[in-house]
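Reader: Please take one part of this model and go through it closely. I would like a connected account and not a list.

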Amino acid sequence: MELKLDIDPISSWGVDDKRPLIMAGPCSAETEEQVLETARGLAKQGIQIFRAGIWKPRTRPNMFEGVGSIGLQWMKKAKQETGMLTATEVANVKHVYEALKNGIDILWIGARTTANPFAVQEIADALVGVDIPVIIKNPVNPDLELWIGAIERIYNAGIRKIAAIHRGFSSFEKTNYRNAPMWQIAIDLNQRIPNLPIICDPSHISGKSELIYEVSQKAMDLGQYGLIIETHPNPKVALSDARQQITPDQLGEILKRLVIRDSEYEHPETKHTLEQLRLSINLYDEELLKIMHKRMEVVKQIGQHKKENNIRIIQTKRWEEIIHGMEEKGAGYGLSAELIDQVFKAIHQESITIQTNILNA
Ligand code: PEP
Ligand code: MN
């Protein structure tokens, strides 16, 4: 179900709407010099929006929790000197008032705050009657409805300049990322609110500088609107998120390397080929459905057999053998172990559900 929100285009924010839209700046404002030096470096790279955290939501107490309101003065200077718009994170009403009072141009709501509807509602209430762009990061947990709910709360306060940031999701499982990207959730958000610009945060997704390029490229290939990237004049000594920050010059290099591909709608002449290929995909998908149906019919017979003979459902050892064998066979077809693992885990889960239902019928 599509949500029809009357969202203003990015050009109304007072920036030149060239894609990708780039926001950059330090994780945290640390000193006036650091803020100004970063802003100058970024302005040289043509960046239009300067980000900096003033109040930092840290995992443990006694870590650097941001410089507080004094940093807003430094951002104001950065704006006066470079002409860049400024953006900061707000997590409560006091932050909103301080940021507005000090002329911050764009507010964003951090991942931990988005996860808390009370906090988002308080911020929304403080924004009634204010015309300022607000960007809503995804919640830390992969819950699309919670993300949409936060967007709606801000929208219902009358804010029309809205965007979203995909900054990845924290998970118990160890991955190569600090916050694993879930591209499908961002795609689903785009389907639910098609005119909502989605900006990718490769810094918080990656957690390390060397991954920023590939995550940025992926976001661009998926048609995301822009990038927010943490930059610091000397990342090694940054007081927060040192491992993922890059210098303004490194950012410039990354932006030069990024390939921005057109959407298919800009290529009417190749439309026919794409349509043919999609028809083939549809046919194969239907075959998959038929095969899956046949497989589940067999599962039902097995369930019946187990019930009649009092055999329990899960035979862990057999399952391990199957998945291992499938990964090997899949490799022979050029299919990744990850695909095999995900598909067969889902099929196995469904088989267990079917058999449990039969056993308990
Ligand atoms: C940040 O952008 O500095 C930040 C704290 O991000 P997140 O809310 O995504 O963790
Ligand atoms: Mn950060």
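Author: Helices here are DSSP runs of H or I with at least four residues, numbered from the N terminus. The model is a predicted one. By that numbering, helix α13 spans residues 337–360, and it belongs to a protein chain with 13 helices and eight strands.

Two residues of helix α13 serve for the close look. Val-343 lies in this helix and is partly exposed, its relative accessible area being 36%. Residues qualify for a patch with over 30% relative accessible area and no salt bridge, so Val-343, at 36%, clears the area cut-off. Together with Tyr-333, Leu-335 and Leu-339, Val-343 makes a nonpolar surface patch of about 400 Å².

Gln-355 is also found in helix α13. Its relative accessibility is 8%, and because buried means under 20%, Gln-355 counts as buried. Apart from neighbours within four places in sequence, Gln-355 is in contact with Val-299, Ile-302, Gly-303, Lys-306 and Ile-313.

For the setting, the protein chain has 361 residues, of which 45% are buried. Of the contacts between residues at least 6 apart in sequence, 73% join residues at least 24 apart. The C-alpha atoms fill a box of roughly 75 × 55 × 40 Å along the principal axes. About 19,400 Å² of the protein chain is exposed, with 54% of that area supplied by carbon and sulfur atoms. As for charge, the chain carries 43 positive and 47 negative charges, and their mean positions are 4 Å apart.

Key:
Residues numbered from 1 in each chain as written. Chains lettered and ligands numbered in written order. Predicted model: local features only at pLDDT ≥ 70, side-chain atom pairs only at ≥ 80, totals over all residues. Heavy atoms only, no water. Patch = residues over 30% accessible without salt bridge, like charges linked within 9 Å, V, L, I, M, F, W, Y side chains within 5 Å. Areas by Shrake-Rupley, 256 points an atom, 1.4 Å probe, with all protein chains shown as cover. Salt bridge = Lys/Arg side-chain N within 4 Å of Asp/Glu carboxyl O. Helix = DSSP H or I, 4+ residues; strand = E, 2+ residues; numbered from the N terminus. Buried < 20%, exposed > 50% of the residue type's maximum accessible area, 1.4 Å probe, protein only. Contact = heavy atoms within 4.5 Å. Lys, Arg positive; Asp, Glu negative; His and termini not counted. Charge placed at Lys NZ, Arg CZ, Asp CG, Glu CD.
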